[in-house]
Structures are given as structure tokens and as C-alpha cells.
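Student: I should like to go through this model step by step. Could the discussion begin with the terms it requires?

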Amino acid sequence: MPLSLNFSRVHELPPDELAVYRRLDPARLPRHVAIIMDGNGRWAGKRRLKRFLGHQQGAESVQYVVETASRIGLPWLTLYAFSLENNLKRPKAEVTFLMRLLRTYLTNNVQRMNDNNVRIQYIGRTHELEDDVRERMDWAAEATRHNTGTVLTLALNYGARSELLDAFKSLHAEINRNDLRLEDVTEQDIQRHLYTAHMPDPDLLIRTSGEMRISNYLLWQIAYAEIFVTERLWPDFRGIHMLEAIEDYQRRERRYGGLSDGTESDDIASLPANQTTLVP
Ligand code: FPP
């Protein structure tokens with residue numbers, strides 16, 4: 001758990017973002033925002049550009065959003081940067097480009113992360129990525145290790161079903177070592193074996209470019225997340241749009257399967273026990 005920021009950097013927000021921030025209740029900011037960054041290809045297509053230019057522009061958006069997150073003191077920001085399905089199903093040239101872009105992004109942005117007190121980490125089957133990419137990733141994680149502000153988590157070669165599979169396998173190994181009995185397994189035990197074991201669940205999930213899909217992202221962790229979908233394509237997404245999503249989130253009532261405060265319960269005792277038909 002990162003230490004909370006001990007000084008406010010809200011005054012560093014540009015005026016348009018500050019105006020939205022002032023409409024927020026700082027006491028009810030989400031702890032964890034997760035984003036499905038979608039629409040890079042469409043952004044490029046609309047401009048008759050090659051897809052890779054959309055990804056390049058998308059990498060710019062990442063740093064803007066990270067900077068805003070750090071300025072408002074958001075503890076956790078998790079970005080879906082590269083899925084297992086992207087790795088398996090996209091043309092080799094695009095995968096190679098995305099990996100090169102990631103390396104360049106890390107090289108060029110570690111200084112800014114340090115200036116913004118941001119710590120970077122990763123979730124996913126990252127051991128399957130090329131050595132040169134993993135080396136850069138480890139370098140960036142090490143270089144930002146001591147930062148105590150926003151934790152930026154990049155989901156890389158990530159899929160939620162494979163995360164659950166990996167979790168069940170390591171839970172099984174724990175049971176085999178006689179460290180835990182199958183009949184005693186709880187939801188918390190499964191949670192302990194996820195890549196995100198040390199993180200709170202996302203409060204808010206944002207998806208850009210209008211698709212109403214979860215795309216195998218954090219399936220376990222988003223059980224109670226509020227979902228915000230915007231038509232805006234990821235390369236056009238900036239910190240102000242994340243703040244607007246947070247504003248929308250703050251208008252919602254989170255009930256976690258319960259009732260709203262003040263909702264009166266039915267008086268069960270006054271109901272006839274055998275009345276199960278609808279009253280016309
Ligand atoms: C979806 O666009 C996005 C991705 C495949 C990956 C996200 C990658 C980035 C934002 C750039 C690099 C990120 C970092 C952290 C350096 P799409 O190609 O699926 O868009 P489309 O649905 O419009 O085709």
C-alpha cells in the first residue's frame with residue numbers, strides 16, 4: 001500500500017482540470033481507477049494514418065493521465081496496455097511495434113515518473129515477453145521503487161482468465177504443501193493468489209472508444225467497480241476526461257448488493273407466508 005501523499009499537488013493541475021476537480025468531493029475520490037485504453041487504430045484510421053501512429057499517440061495520452069492521477073493523489077492507476085489476446089492475434093509487426101513503444105515510453109518517462117512521485121509495476125504473464133523489454137521494465141520499476149505517490153500498474157501480456165488459472169494453480173500448490181485445507185479455502189485465499197494480491201479492487205473502470213465490453217480485464221477485481229464508457233478514442237483522452245469520469249462516479253450510489261441508506265425494509269411478519277402470486 002503506498003503512503004498517502006503528504007502534500008497536495010492539486011494546484012499543479014492546468015486550469016481546465018482544476019475547474020473539474022473543484023466540482024469533486026476530495027473525500028470520495030476513488031482509490032483505484034482501471035482503464036481499458038481502446039481506439040488507437042480507429043483514431044489513426046480516421047486520419048488515414050497507419051495504426052502504429054495511433055499507438056504512438058496513445059502512449060502520449062498515458063503520460064498525461066498518469067500526471068493528472070499523481071496531481072490529485074490517486075493511489076492506484078491500472079492501464080490495460082497489452083493483452084494476451086493482442087500478443088496472440090495481432091500481426092507480428094504490430095506486436096513488435098507495441099513492444100518497442102513500451103521500451104521507448106519507459107526510457108523517456110522514468111524521469112517524469114520520479115518528478116511526479118509515481119511508482120511503476122506490472123501485472124500479467126510478463127515472463128513471456130522478450131528479454132530486452134523485460135530488462136527495461138525491471139529498470140523502470142527499480143528506478144521508481146522508492147516513490148510513494150500513485151502506483152501505475154501496466155497490464156502487459158495480461159488476461160483475466162489466465163490470471164485466475166495461474167491463481168488456482170498456485171493455490172493448489174499451497175494446498176498440496178499442506179499449508180491450507182481445500183475445505184477452508186475462502187474468497188480471500190483466491191484473492192491472495194492473484195497478480196493484484198497487494199492492491200485494492202478498482203472502484204472505477206473506464207473504457208474508451210465506446211465498446212460495451214470488459215475484454216478479459218480484471219474479471220475478479222471489478223466485481224463491484226462502477227463502469228464508465230466514453231466514445232472518446234484513447235489518443236484523444238486526457239486527464240480532464242478522467243476527472244469527468246470521476247465526477248460521474250461520484251454521482252453514483254454504490255450499494256455492493258445492499259440497499260440504499262434509509263430504505264425501509266418490508267415488514268416480513270405482516271406478509272402472508274403463502275402469497276407468492278403477483279397482485280394484479
Ligand atoms: C487498443 O487500440 C489499444 C491497445 C492495443 C494497446 C494500448 C496501447 C497503448 C495505449 C500505447 C502504448 C502504451 C504504453 C503504456 C506505452 P486498438 O488498436 O485496439 O484500437 P482499435 O480498436 O481502434 O483498432
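Tutor: A residue is called buried if 20 or more other C-beta atoms lie within 10 Å of its own, and exposed if 12 or fewer do. The model discussed here is a predicted one.

Student: Which residues of strand 5 point one way, and which point the other way?
Tutor: Strand 5 covers residues 204-207. All four of its residues named here are buried, whichever way they point. Leu205 and Arg207 point one way, and the other way point Leu204 and Ile206.

Student: In what order do the strands of the open sheet lie?
Tutor: The protein chain has 6 strands and 9 helices. An open sheet is formed by 6 strands with parallel pairing. Its edge strands, each paired on one side only, are strand 3 (119-123) and strand 6 (226-229). Neighbouring strands are turned against each other by 20° on average, direction ignored. The order is 3-4-2-1-5-6.

Student: Which residue stands opposite leucine 205 in strand 6?
Tutor: Strand 5 and strand 6 run parallel and are joined by 4 bridges. One pair across these strands is arginine 207 opposite valine 229. For leucine 205, the residue opposite in strand 6 is isoleucine 227.

Student: What is the bridge partner of alanine 34 in strand 5?
Tutor: Strand 1 and strand 5 also pair in the parallel sense, over 4 bridges. Strand 1 comprises residues 32-36. The partner of alanine 34 in strand 5 is leucine 205.

Student: At what angle does helix 9 run to strand 5?
Tutor: Helix 9 spans residues 239-251. Helix 9 lies across strand 1, strand 5 and strand 6. Its angle to strand 5 is about 130°.

Student: Why are helix 3 and helix 9 described as oblique to each other?
Tutor: Two packed helices are described by the angle and the distance between their axes. The axes of helix 3 (residues 51-72) and helix 9 come within 8 Å and cross at roughly 55°. Angles under 35 degrees count as roughly parallel and those of 65 to 115 as roughly perpendicular, so a value between these ranges falls in the remaining class. Helix 3 and helix 9 are therefore oblique.

Student: How do the residues of the contact of helix 3 with helix 9 divide into nonpolar, polar and charged?
Tutor: From helix 3, the residues Tyr64, Val65, Glu67 and Thr68 take part. They meet Gly239, Met242 and Leu243 in helix 9. The residues of this contact divide into 4 nonpolar, 2 polar and 1 charged.

Student: Which residues touch the most other members of the largest nonpolar core?
Tutor: That core has 57 residues. Beyond its neighbours within four places in sequence, leucine 79 is in contact with Ile35, Met37, Val62, Leu154 and Ala155. The core residues touching the most other members are Leu79, Tyr80 and Leu204.

Student: Is arginine 48 buried or exposed?
Tutor: Arginine 48 is found in the loop between helix 2 (40-46) and helix 3. Its phi is near 55°, a positive value in a residue other than glycine. Because arginine 48 has 6 C-beta neighbours inside 10 Å, it counts as exposed.

Student: What is the phi of asparagine 178?
Tutor: Most residues other than glycine have a negative phi. Asparagine 178 is found in the loop between helix 7 (160-176) and helix 8 (187-192). Asparagine 178 is not a glycine, yet its phi is positive, at about 65°.

How values were computed. Residues numbered from 1 in each chain as written. Predicted model: local features only at pLDDT ≥ 70, side-chain atom pairs only at ≥ 80, totals over all residues. Core = buried A, V, L, I, M, F, W, Y, C linked by C-beta atoms within 7 Å. Contact = placed C-beta atoms within 7 Å. Axes fitted to C-alpha atoms, helices over the stretch in contact; angles between N-to-C directions. Helix = DSSP H or I, 4+ residues; strand = E, 2+ residues; numbered from the N terminus. Parallel < 35°, antiparallel > 145°, perpendicular 65-115°, else oblique. Nonpolar A, V, L, I, M, F, W, Y, C, P; charged D, E, K, R; others polar. Pairing = 2+ DSSP bridges.
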